[in-house]
Amino acid sequence: MPDWIVHICIAYLVCRILYFKYPLFGPQNTILAMIGSLLPDIFKLQIIFSQFGIDLIDFLPFFHIPVASFIVAGIISQFFENKRIAFSFLVIGVISHFVMDSLLISVGEGLYLFFPFSWQTFHLDLISPDDYWITLVILLLTFLVYFLGLWIKKKHQNIQLIEK
Amino acid sequence: MKINISSRIFIIIILLISLFALSSYYSFEHEKNLEYPSYETILSSDYPINKVVYVEGSVIKINSDGYYIIHNYNNHEIIFNVLGQSPAGLGDHVSILGVLGPSYQILSVKEIRVIFDWKYKFLLLRSFLALTFLLIIFLHYWKFKLKKLTFEGR
């Protein structure tokens, strides 16, 4: 997996860039996409469970499949006022997760992207899972977009003040 | 916004049933659709000798002939003896695609990926920090209303 910083930042970047044009991609909904970007990694709970001698290795990997993550997103979205928007943003995060994971170098099998329709696995073998340089580049890009957003917001406020 | 709790509970139940059905299908069919024999097959009487297998584990011993990796599968520790020079140090994690010989030996390695122990721990640390940060921001923007059983924007 790319680390969770990368997953969270990619979801943030997608939403923040779209927010320049569409107000729906505001901070509240962006957070949901960021949460969604971690949903497929529910199976990493195995790391915690294994510390207590509980082995769920046969059960948890199922969650690292798009359809399972979409269903989990559907369940979580029921706990939000506007469940359709919550679901949409959680799904944006889930999709960004699988896009990033499909770039990883994988020995053996890749991702079951089309389960239950196909058992074909996918991986593009472009990025090493433990490469922290990717994390640094994405983090830098995230800060850049964040400050660009702040700068544009301030510019708009100044223009509005002048117009008044 | 009007919230119908009973309809939400109904949807959650439907989704949980779907999740359970799909996970059952996955666990029953996964084994049959694997490209390489699973640990279950390796541990069974149908030992896939001379077949290409995918194994992973932590390096526990290195000697002149090769190295040993350990993997915990369903509370059963399997030790593989990989022949050839070790690309990893003690404690590092390796994923191997190789030909399985007798007595859990990996005779020839076709593909290998090494994750150094410190890099793995660093990855876990920064992921944990990211999660903590995310939870703080989430609670900054959303609050849980116990009465309605929903999160509402602050």
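**Exercise 1. Find the loop that holds Ser103(B), then say what is unusual about its phi and whether the residue is buried or exposed.**

Step 1. Scroll along chain B of this predicted model. Ser103(B) sits in the loop that joins strand E4 (93-100) to strand E5 (105-115).

Step 2. Check the backbone: phi of Ser103(B) is near 55 degrees, a positive value, and the residue isn't a glycine. Most residues other than glycine have a negative phi.

Step 3. Now accessibility. The cut-off for exposed is over 50%. Ser103(B) comes out at 63% relative accessibility, so it counts as exposed.

**Exercise 2. Do the same for Asn50(B): where does it lie, and what is its phi?**

Step 1. Look in the loop between helix H2 (39-43) and strand E1 (52-62) of chain B; Asn50(B) is there.

Step 2. Its phi is positive, about 65 degrees, although Asn50(B) is not a glycine.

Step 3. With a relative accessible area of 55%, Asn50(B) is exposed.

**Exercise 3. Which peptide bond leading into Pro116(A) should you look at, and is it cis or trans?**

Step 1. Go to the loop between helix H5 (83-101) and helix H6 (132-163) of chain A, where Pro116(A) is placed.

Step 2. Take the bond from Phe115(A) to Pro116(A): omega is near 10 degrees, and the bond is cis. For background, most peptide bonds are trans.

**Exercise 4. How many aromatic pairs are there over all chains, and what geometry does the pair of Phe115(A) and Tyr26(B) have?**

Step 1. The count over all chains is 27 aromatic pairs.

Step 2. For Phe115(A) and Tyr26(B), the centre-to-centre distance is 5.5 Å and the planes are 85 degrees apart. An angle over 60 counts as edge-to-face, and that is the label for this pair.

Step 3. Place the partners. This pair crosses between chains: Phe115(A) comes from the loop between H5 and H6 of chain A, and Tyr26(B) from helix H1 (residues 5-29) of chain B. Both Phe115(A) and Tyr26(B) are buried.

Step 4. Widen the view. Ring pairs join Phe115(A) and Tyr26(B) into a cluster with Phe62(A), Phe63(A), Tyr112(A), Trp119(A) and Tyr25(B).

**Exercise 5. Classify the ring pair of Tyr39(B) and Phe80(B).**

Step 1. The centres are 6.3 Å apart and the planes meet at 50 degrees, so the pair is tilted.

Step 2. Tyr39(B) is in helix H2 and Phe80(B) in strand E3 (residues 76-83), so this pair links distant parts of chain B, 41 residues apart.

Step 3. Tyr39(B) is buried at a relative accessible area of 11%; Phe80(B) is buried too, at 0%.

**Exercise 6. Describe how chain A meets chain B: how many residues touch, and how much area is buried?**

Step 1. Count contacts: 51 residues of chain A are in contact with 56 residues of chain B.

Step 2. Take the area, about 4,800 Å² buried between the two chains, with 70% of it from carbon and sulfur atoms. On the chain A side, Glu81(A), Val107(A) and Trp119(A) supply 17% of what that chain buries against chain B, more than any other three residues.

Step 3. Add the polar part: ten residue pairs are in polar contact between the chains, and there is one salt bridge.

Step 4. Pin down that bridge. Asp3(A) pairs with Arg126(B), with the closest N and O atoms 2.3 Å apart. Arg126(B) also lies over the face of Phe122(B), 4.7 Å from the ring centre.

Technical notes. Residues numbered from 1 in each chain as written. Chains lettered and ligands numbered in written order. Predicted model: local features only at pLDDT ≥ 70, side-chain atom pairs only at ≥ 80, totals over all residues. Heavy atoms only, no water. Helix = DSSP H or I, 4+ residues; strand = E, 2+ residues; numbered from the N terminus. Buried < 20%, exposed > 50% of the residue type's maximum accessible area, 1.4 Å probe, protein only. Phe/Tyr/Trp six-rings, centres within 6.5 Å; stacked < 30°, edge-to-face > 60°. Lys NZ or Arg CZ within 6 Å of the ring centre and 35° of its normal. Contact = heavy atoms within 4.5 Å. Buried area = accessible area lost by both parts, 1.4 Å probe. Salt bridge = Lys/Arg side-chain N within 4 Å of Asp/Glu carboxyl O. Polar contact = N/O pair within 3.5 Å; in protein donor to acceptor, adjacent residues only side chain to side chain.
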